[in-house]
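Reader: I am new to this structure. Please take me through the reasons behind the labels.

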Amino acid sequence: MTHEVRSALLSAALDAAARGWAVFPLRPGGKPPALHGEASCPRTGDCTRGHRKWEQRATTDPDRIHRAWSTGRFNVGIATGPSGLVVVDLDVPKPNSSADTPGGVTTLVALCERAGQPVPTTYRVRTASGGEHLYFTAPDGIRLGNTAGFLAPSIDTRAWGGYVVAPGSTVNGRAYEVIDPAPVAAMPAWLLDALKPVERPAGPLRLSVPRRGNRAAEIALERETALVAATAEGGREAQLFESARKVARFVGWGDLTRDEVEEAFQRAGEAAGLPASQCRSTLRSVLNWSLRTCRPRETT
């Protein structure tokens with residue numbers, strides 16, 4: 001039985017690679033990568049010149065795939081970026097959701113109706129949880145990243161920096177299965193427009209700062225949003241969190257409104273290159289916490 005399972009997973013990996021999709025092993029029966037992390041990197045083989053992560057090590061080479069899947073019953077991960085794919089992940093409602101919460105499939109139908117477009121026909125996979133993956137070819141000249149809830153609740157996307165579990169894999173005893181073997185379609189224009197990254201301005205970002213009479217609050221908002229907009233990749237989310245935390249006290253004291261602060265930091269975060277959904281999530285989290293713990297203004 002073990003040999004049959006391993007053979008089936010090897011076939012799934014080879015089938016994906018034959019389509020030009022770069023694959024790598026996932027933990028048996030699970031979703032996390034089965035490759036070593038940087039801390040335990042032996043600096044040999046693929047990593048001779050430095051640690052290579054799963055996206056860099058994903059491959060379409062049949063010989064490498066045979067060697068990898070000959071050692072265990074690994075599930076199959078498809079690295080969407082190197083594979084030239086954008087996968088729309090339609091999730092099912094979470095267990096703690098209300099009974100009338102729509103799933104990703106229902107929400108996608110609503111988005112298509114709103115755009116006046118049909119539901120796309122493309123390669124489609126049912127996930128282990130009962131959701132669906134819709135595969136699209138990545139657009140030329142545009143590097144898309146991952147999104148979580150950006151298009152709508154229960155809809156995520158996977159592109160550069162992301163991966164999906166390939167059909168033929170099994171998680172929690174449930175298989176990923178192809179439910180529409182149609183050719184992988186180009187991403188519809190309306191969907192691509194919704195996912196395009198916000199272009200950063202060529203020159204210094206000019207943010208409008210509300211004038212409410214408290215110069216200290218205005219200066220703080222202006223300074224901190226400028227810091228966020230100028231932060232390089234690698235520290236952008238941390239800077240957004242720290243800067244929003246510093247300004248939140250002025251919201252608690254009534255010097256600035258929450259809407260004003262959220263709008264200013266949202267634009268600054270997007271200008272720095274952060275996804276809009278990530279900005280919203282970070283701001284919501286830090287402002288909620290900061291306003292709950294805000295101390296009264298000190299008076300002299």
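**Labels and their reasons**

Reader: Why is Lys196 called partly exposed?
Author: The relative accessible area of Lys196 is 40%. Partly exposed runs between the 20% and 50% limits. The value falls between them, so Lys196 is partly exposed. Bear in mind that this is a predicted model.

Reader: How do you know that Lys196 forms a salt bridge with Asp193?
Author: The closest N and O atoms of the two residues are 3.6 Å apart. The limit is 4 Å. The distance is within that limit, so Lys196 and Asp193 form a salt bridge.

Reader: What makes Asp193 exposed?
Author: Asp193 has 52% relative accessibility. Exposed means over 50%, so Asp193 earns the label.

Reader: How many salt bridges does a search of the whole structure find?
Author: The search finds 7. One of them joins Asp156 to Arg158, with the closest N and O atoms 3.9 Å apart. That is within 4 Å, so the pair counts.

Reader: Is Asp156 buried or exposed?
Author: Asp156 is buried. Its relative accessibility is 18%, and buried means under 20%. The partner, Arg158, has a relative accessible area of 22%. That value lies in the range between buried and exposed, so Arg158 is partly exposed.

Reader: What makes Glu262 and Arg258 a salt bridge?
Author: Their closest N and O atoms are 3.1 Å apart. This is within 4 Å, so Glu262 and Arg258 qualify.

Reader: Why are Glu262 and Arg258 separated by about one helical turn?
Author: They are 4 residues apart in helix 8 (residues 258-272). Glu262 is partly exposed at 24% relative accessibility. Arg258 is partly exposed at 25%.

**Rings**

Reader: How many aromatic pairs does a search of the whole structure find?
Author: There are 7 aromatic pairs. Phe24 and Trp54 form one of them.

Reader: Why is the pair of Phe24 and Trp54 called stacked?
Author: The centres are 5.1 Å apart, and the planes are at 25°. Pairing needs centres within 6.5 Å, and stacking needs planes under 30 degrees apart. Both values pass, so the pair is stacked.

Reader: What does this pair of Phe24 and Trp54 tie together?
Author: Phe24 lies in strand 1 (residues 23-26), and Trp54 lies in helix 2 (residues 54-57). The pair therefore ties together parts that are 30 residues apart in sequence. Both residues are buried.

Reader: What makes the pair of Phe24 and Tyr163 edge-to-face?
Author: Their ring centres lie 5.2 Å apart, with planes at 85°. Edge-to-face means over 60 degrees, so this pair gets that name. Tyr163 lies in strand 8 (residues 163-165), so the pair ties strand 1 to a part 139 residues apart in sequence.

Reader: How do you know that Phe24 is buried?
Author: Phe24 has a relative accessible area of 1%. That is under 20%, so it is buried. Tyr163 has 22%, so it counts as partly exposed.

Reader: How do you know that the charged end of Arg143 sits over the ring of Trp160?
Author: The charged end of Arg143 is 4.1 Å from the ring centre of Trp160. The distance limit is 6 Å, and 4.1 Å is within it.

Reader: Which residues make a nonpolar surface patch of about 180 Å²?
Author: Val105, Val109 and Val119 make the patch. Val105 lies in helix 4 (residues 104-115). Val105 is partly exposed, at 32% relative accessibility. Patch residues need over 30%, so Val105 passes that cut-off.

Conventions
Residues are numbered from 1 along each chain as its sequence is written. This is a predicted model: local features need pLDDT of at least 70, side-chain atom pairs count only at pLDDT 80 or more; totals for chains, interfaces and linings use all residues. Side-chain values use heavy atoms; hydrogens and water are left out. Rings of Phe, Tyr and Trp (its six-membered ring) pair if their centres lie within 6.5 Å; planes under 30 degrees apart count as stacked, over 60 as edge-to-face and the rest as tilted. Helices (H or I, at least four residues) and strands (E, at least two) are DSSP runs, numbered from the N terminus. Buried means under 20% relative accessible area, exposed over 50%, partly exposed in between (1.4 Å probe, protein chains only). A charge sits over a ring if NZ of Lys or CZ of Arg is within 6 Å of the ring centre and within 35 degrees of the ring normal. Patches are made of residues with over 30% relative accessible area and no salt bridge: like charges are joined within 9 Å, nonpolar side chains (Val, Leu, Ile, Met, Phe, Trp, Tyr) within 5 Å. Accessible areas come from the Shrake-Rupley method with a 1.4 Å probe; for residues, only the protein chains shown count as cover. A salt bridge is a side-chain nitrogen of Lys or Arg within 4 Å of a carboxyl oxygen of Asp or Glu.
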